[in-house]
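Subject: Structure for you to look at

Hello,

I am passing on the structure we talked about, with notes on what turned up in it. Please have it open while you read.

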Amino acid sequence: MTVVLALAVLPLASLGGCSGGGSPTGSPSSASSSPASSSGRSVDVRSVVTVGNQPCGVLVTPSRVWVSNYGDGTLQWVDPATHRTGPAIRVGSRPCGLARGGGSIWVENYGSASLTRVDERSGTVTATVTVGDQPYDVAYAAGAAWVTDWADGTVSRVDARTNRRTVIRTGGTPTGIVGAGGSLWVPVKSLDTVVRLDPATSRVTGHVAVTQPTWTAAAGDTVWVSSPQTGSVTRIDARTGRIVATVAVCPTPQDGSVASGGVWVPCQGGDVYRVDADSNAVTGPWRTGTANPFVLDAASGAVWTADFAGRTLVEVDTSTTP
């Protein structure tokens, strides 16, 4: 789970869930045109694909890579084999966070307080559901899409059978959201806590104290939560709800994803880092050629990151990056 941009109106910076959400805050920095690690090892950029204006959320599925274009109010897909782009699908205003489930792609529209449901196979919009004010991120679990309503202090549950919304109160300003260990995990930045929700009952079942948490990533029973204000990523055991480690990464960690034995974290200014899932050791930085890699999502052997400061989606080969 789910941000950093000069044009964004959110009063917070970012890291997060695997699909992104909200909008980035801050000023994009220039990025190197020839990506390399601090040790001089080059990064294998497999492809650079032109998409819409201010690509924000990225979601890798078995056959497509989906991108929400925050500046255009559209959703697009990219064929990872041919790098062909699909048509722009009109969704809501300022879309970012993406999730997959129930045969659909779910798009959180930060600017229009709505969630758009798109048929994964046809690309047809099948529903638009009103959610809370300034929806920030979205995840799919237990037959429903779950949306963090940043300005309302709530989480919206949208049933995949009926598209009906119910509301769970978290308080504060919920940001990212991700599922792990049978629970949903919701960072609430203003309360310095990560809320644990039971998706079966829609009840809050616990809290984990983390300083100004924002974005999330998860794999199995591990949750990673970024804190841009402290430049760190907190690792939580999703079974016990206990903090395993807090790892310093970069000044502004954003919305990362787990792949190839580690969590990959994009940072404001163009750097990408990797935190090893076994040792918590940090490697990097690497440059992907993006000025503001807000959201990153992963597939087997590759990560895809969108440049919120431009119009590109970049694919990086993780098998050649230690």
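Asp149 and Arg165 form a salt bridge, with 3.7 Å between the closest N and O atoms. Asp149 belongs to strand E11 (residues 144–149) and Arg165 to strand E13 (residues 165–169), so this pair ties together parts of the chain that are 16 residues apart in sequence. Please keep in mind that the model is predicted.

The two partners fall into separate accessibility classes. Asp149 has a relative accessibility of 0% and so counts as buried. Arg165, at 33%, counts as partly exposed, because the partly exposed class runs between 20% and 50%.

That salt bridge is one of nine that a search of the whole structure finds. Another is formed by the side chains of Arg100 and Glu120, with an N to O distance of 2.7 Å. This pair also links distant parts of the chain: Arg100 is in strand E6 (residues 95–101), while Glu120 is in the loop between strand E8 (114–119) and strand E9 (125–130), 20 residues apart. Arg100 is partly exposed, at 41% relative accessibility. Glu120 has a relative accessible area of 15% and is therefore buried, since the cut-off for buried is under 20%.

In the salt bridge between the side chains of Arg157 and Asp159, the N to O distance is 3.4 Å. Arg157 and Asp159 are both buried.

Salt bridges also link Arg46, Glu315 and Asp317 in a network. As background to these contacts, side chains of opposite charge can pair when their charged atoms come close.

Apart from the salt bridges, there is a sheet to look at. It is open and has four strands in the order E2-E3-E4-E5, and their pairing is antiparallel. Which strands stand at the edges? They are E2 (55–60) and E5 (89–90); each has a single partner strand, so one side of each is left without a neighbour in the sheet.

For E5, the pairing with strand E4 (residues 74–78) is antiparallel and runs over two bridges. Within this pairing, Leu75 stands opposite Ile89 in E5.

If you want a place to begin, I suggest the salt bridge between Asp149 and Arg165, followed by the one between Arg100 and Glu120.

Regards

Notes
Residues are numbered from 1 along each chain as its sequence is written. This is a predicted model: local features need pLDDT of at least 70, side-chain atom pairs count only at pLDDT 80 or more; totals for chains, interfaces and linings use all residues. Side-chain values use heavy atoms; hydrogens and water are left out. Two strands pair if DSSP finds at least two bridges between them. A salt bridge is a side-chain nitrogen of Lys or Arg within 4 Å of a carboxyl oxygen of Asp or Glu. Buried means under 20% relative accessible area, exposed over 50%, partly exposed in between (1.4 Å probe, protein chains only).
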